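The following exercises guide a new reader through the contacts in this structure. Each task is followed by a solution in steps.

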Amino acid sequence: MRVFRLQVNGDPLDVAAPEHWSLLEVLRYRLGLTGSKQGCDKGDCGACTVLIDGTPTLACLALPATLEGKDITTIEGLRPLHQKAGGQGVDPVQDAFDRCGALQCGFCQPGMILSTKALLSDNPDPSRREIQDALAGNLCRCTGYTQIFQAVELVADEVAGREPRKPAWAQAREQEIAAASPKEEPFQPEHGGQA
Amino acid sequence: MAARDQHGPGAPWGKDFHVVGHAQRKVDAMAKATGEAVYTDDIQLPGMLHAKMLRSPHAHARIVSIDTSKAEALPGVHAVLVGSELPIKYGVIPWTPDETALAVDKVRFIGDEVAAVAAVDEDTAQAAVELIEVEYEILDAILDPEQALVTPEPAIHEDRKRRDNISKHVDLSFGDVDAQVAEAAVVIEEDYEFSSNTHTAIEPHCAVAQLGADGRLTLWSATQITHYVHRAIARVLELHPARVRVVQPCLGGAFGGKSDPFSLEFVVSKLAMKTGRPVKMLWTREEVFYAHRGRHAMKMHYRTTATANGMITGVDAKLLIDGGSYSSFGLVTTYYSGQLLTGPYDFPNYRFDSTRVFTNKPPCGPKRGHGSVQPRFAFEVQLDEVAHRLGIDPIEIRRRNFLGDHTTTVNGQRITSNGFLECLDAVEKASGWKERHGKMPFGRGLGVAGSMYISGTNYPIYPNKMPQAGIQIKVDRSGLVTVFTGGNDIGQGSNSMVAYLVAEELGIRPRDVRVVAADTDLCPVDLGAYSSRVTFMVGNAAIDAARKLRKQITESVASHWATAPSEVRMINGVVIDLQDPDRTMSQREAFHLAEEAHDTLGSTGSYNTPTLGGDYRGGSIGASPAYSFTAHIAEVEVDPETGRITVDKVWVAHDCGRALNPTIVAGQIEGSTYMGAGEVVLEEHTMNRFGLHQGPSLLDYRIPTSLDTPDIEAHMVESIDPEGPYGAKEAGEGPLHSTIPAIANAVHDAVGIRLRTLPFHPSKVLRALAEQKPAQEVQA
């Protein structure tokens with residue numbers, strides 16, 4: 001057992017855990033930050049991805065002793081950080097994932113969202129290939145990645161002030177709606193979850 | 001085709017609906033995006049113990065003795081459990097209970113569960129597991145399904161009526177296939193092989209059990225079948241079902257891999273009862289590969305006969321299905337392997353002879369597109385061969401053989417809506433098929449395939465006349481509506497679907513609907529998330545319940561306004577008098593009026609399938625209230641130097657009835673297609689000659705990453721089913737099927753080889769190219 005001094009989501013924390021525990025175990029089972037997921041426990045799936053000084057890192061392969069003095073951001077830290085910076089609601093990446101349908105079972109998405117955050121902070125307008133490269137360490141079994149790519153592109157489009165790109169099916173539906181009732185405004189989903 | 005819209009004839013979708021058909025938020029997406037959602041392993045209870053499993057190192061062996069004394073003596077160990085403490089057999093299909101929570105007398109595959117330990121932490125539990133001493137008498141292992149077919153001894157299961165290694169045999173014949181051979185213009189007869197692959201949900205199996213001070217057992221489990229687990233736990237642990245509560249927390253993917261009762265669910269329950277402490281067991285990724293229940297390997301022989309203009313006259317199939325070590329859903333798999341092939345084309349004559357055998361390997365079960373993905377691969381490749389032989393365009397031959405809508409298949413399945421032709425049109429147009437098929441440079445090709453799938457079946461697994469899906473609605477004075485459903489949201493969005501339908505029907509916003517799901521204490525029974533039944537069945541139950549409630553509310557408001565109920569309309573949370581649109585009230589005020597008039601508000605709804613299926617033994621297996629239809633076109637690049645196949649793009653059109661939320665439907669179509677593509681080029685769940693898994697990790701068992709996935713373009717065809725909820729059908733499994741043969745057929749278009757054994761590893765491509773060369777030279 002050892003006491004680690006960690007900086008997690010801006011909080012300085014002393015946490016006691018067995019020396020061989022990974023950062024993932026410390027986050028999940030000592031700090032109760034269960035948003036970081038365990039899908040394989042050996043660095044293959046990326047579900048445990050956290051940001052360490054802004055870099056996507058596999059928490060299941062990171063030893064807490066090596067992380068003292070570094071800034072650790074988990075999925076739980078994103079919304080508070082966004083609000084602290086004066087933003088409303090959730091981080092735009094989190095919001096875009098919902099709007100594009102990228103959240104199916106949701107298990108890989110904390111890692112996927114953090115990898116996306118890191119990508120967009122380095123490269124606010126990535127190409128499709130750059131998105132694929134940046135997310136190659138995060139396995140998703142539900143979406144086929146398509147709606148994840150679209151979510152990343154939606155954030156990039158909105159930051160750039162462009163008309164968001166739309167998938168073929170959405171374009172087809174808009175055309176059909178326009179043909180049926182030309183005056184109707186395109187539907188905008190409402191913000192937020194449950195009342 | 002059915003009326004385009006039964007909710008206002010001729011009205012296009014999106015016009016009469018305020019919720020359905022529009023992009024909507026998911027009810028649980030924000031909780032998932034922020035890390036707030038609680039999955040099973042996120043549950044921490046005070047005093048909780050951790051459990052680990054001892055697994056068999058042998059593929060087939062008799063257990064002579066187990067000595068747990070050293071494990072029990074280890075400090076920190078609270079209990080050790082062995083098979084004799086949980087001897088009652090179970091299985092998801094009540095007719096084939098052949099599993100025990102822990103091996104009682106025999107182990108049947110490498111990884112079979114033998115014993116379990118509960119201790120203060122995982123490290124201690126694992127250390128104790130390693131101290132358990134088991135003496136085995138090793139038996140001959142049967143690993144090859146052909147060998148299992150002809151080797152009755154040693155029987156992998158010894159106490160069945162039949163003493164052999166045949167799990168299930170189905171032989172059904174409709175019409176006379178043999179009589180067609182002499183008349184046929186073309187007869188294609190080939191062998192096809194489908195290797196096993198597995199679900200690989202990113203969340204491993206996990207379960208937590210707690211015995212409450214009131215003597216009631218609660219089990220939280222990563223399951224997609226809460227109701228069946230509830231029944232199994234009560235039976236195996238010999239508890240009254242009313243003393244057992246099963247809860248499915250947020251679930252990290254399933255795809256059929258969590259639709260059996262699993263060993264760990266019984267083990268944590270028993271350990272919680274033995275220790276009086278909450279107990280958790282989380283399986284490692286390696287253990288998930290042993291739990292498996294994935295796609296059955298199949299060896300398939302198909303013979304298709306057709307006329308000179310490409311009309312199919314008969315299809316004859318013989319299938320050998322490798323079931324692995326236990327029955328699981330195998331009885332159904334064996335039927336599905338034949339019963340679900342009889343569309344979207346008209347088969348005048350059809351026969352299938354399917355045999356599922358036991359082998360000493362991890363048990364196979366239902367993976368997305370249960371039992372019908374493998375035959376679909378074989379048949380669609382064969383149909384392509386028929387088209388090629390006759391010089392007919394592969395899309396055209398599929399059109400010519402179209403089954404039609406509102407008809408009956410050769411095996412007696414009732415077909416309602418059928419948008420398959422529109423699916424073909426959509427992918428043909430989107431892919432530029434006419435300009436490009438057969439005309440691209442060597443190494444690049446396009447291939448097409450079609451398929452159909454069920455929206456649930458009328459076979460309720462255990463015979464009963466109660467509803468297959470139930471819904472309860474509670475209305476709160478705050479304006480909130482809470483819906484209780486036994487449906488399992490496994491990521492496909494069924495909780496959101498329920499919220500949309502209740503909101504649509506009541507005329508309120510989805511955000512004012514809270515969904516409580518998959519908790520056997522709180523929710524009415526739904527049979528579970530399998531066979532693509534949830535949207536169809538739970539959706540219809542939700543509309544049923546909400547419609548009754550809407551009647552009470554509108555009548556109450558009408559009485560208050562002294563107008564007719566037909567003049568009262570709720571839209572987006574506002575109640576309007578259609579005669580006097582300035583007269584409105586909020587949903588909350590309306591709920592208060594209704595509560596004054598009707599006392600505490602609540603409503604129930606349910607769904608049961610109509611009587612369906614052919615009038616023969618097994619005729620109801622695969623009988624669905626509605627079938628979905630899909631067409632895929634794949635574009636591939638085949639590198640003749642390396643043998644590597646790259647799936648560049650897949651166009652897929654799926655007839656989902658009505659797209660209740662098009663964003664979610666698109667996600668299901670894309671996810672299915674991606675999963676199918678992985679099965680073609682990457683995934684193979686294989687054992688070595690000792691029965692040892694070749695690589696039970698996500699590094700060795702490769703699923704497509706963001707770099708491997710094809711560019712997928714989804715299209716929706718909305719045939720509006722007359723019986724579906726607002727016309728909806730399934731979307732979660734159908735769009736996997738034809739991905740695989742579309743890619744296979746594209747490979748033929750690209751380089752002229754017919755690959756009939758999955759997966760298409762580069763070595764197979766190179767071998768086929770090498771075999772093709774001399775043949776071409778001979779022709780030349």
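**Exercise 1.** Examine one salt bridge that joins the two chains, and place it among the others between them.

*Solution.* The model is a predicted one. Begin with the side chains of Glu683(B) and Arg141(A), which meet with N and O 2.8 Å apart. The pair is a salt bridge because a Lys or Arg side-chain nitrogen has to lie within 4 Å of a carboxyl oxygen of Asp or Glu. Next, take the count: there are seven salt bridges between chain A and chain B. Finally, turn to polar contacts, of which the interface of chain A and chain B has 28 residue pairs, both residues being at pLDDT 80 or more.

**Exercise 2.** Determine which elements and residue classes make up the side of chain A that touches chain B.

*Solution.* First, list the elements of chain A that give two or more residues to this side: helices H1 (23–30), H2 (75–84), H3 (92–99), H4 (109–122), H5 (128–134), H6 (146–160) and H7 (168–180). Second, find the largest share; H7(A) supplies it, with six residues. Third, sort the residues of this side by class, which gives 27 nonpolar, 18 polar and 16 charged.

**Exercise 3.** State how many residues of each chain take part in the contact, and what area is buried.

*Solution.* In chain A, 61 residues are in contact with 75 residues of chain B. The size of an interface is often expressed as the accessible area that is lost when the parts come together. For chain A and chain B this buried area is about 5700 Å², and carbon and sulfur atoms account for 54% of it.

**Exercise 4.** Describe how domain 1 and domain 2 of chain B meet.

*Solution.* Start from the domain assignment of chain B: domain 1 covers 29–39 + 460–607, domain 2 covers 45–139 + 202–253 + 258–291, and domain 3 covers 369–458 + 624–779. Taken over C-alpha atoms, the centres of domain 1 and domain 2 of chain B are 37 Å apart. Their contact involves 23 residues from domain 1 and 24 residues from domain 2. Between these two domains about 1900 Å² is buried, 54% of it on carbon and sulfur atoms.

Then consider the polar links. Three salt bridges are counted between domain 1 and domain 2 of chain B. Asp521(B) and Arg245(B) form a salt bridge, with their closest N and O atoms 3.8 Å apart. Across this domain interface, 12 residue pairs are in polar contact, both residues at pLDDT 80 or more. On the side of domain 1 that touches domain 2 of chain B, the residues divide into 14 nonpolar, four polar and five charged.

How values were computed. Residues numbered from 1 in each chain as written. Chains lettered and ligands numbered in written order. Predicted model: local features only at pLDDT ≥ 70, side-chain atom pairs only at ≥ 80, totals over all residues. Heavy atoms only, no water. Contact = heavy atoms within 4.5 Å. Buried area = accessible area lost by both parts, 1.4 Å probe. Polar contact = N/O pair within 3.5 Å; in protein donor to acceptor, adjacent residues only side chain to side chain. Helix = DSSP H or I, 4+ residues; strand = E, 2+ residues; numbered from the N terminus. Nonpolar A, V, L, I, M, F, W, Y, C, P; charged D, E, K, R; others polar. Domains from an automatic or database assignment.
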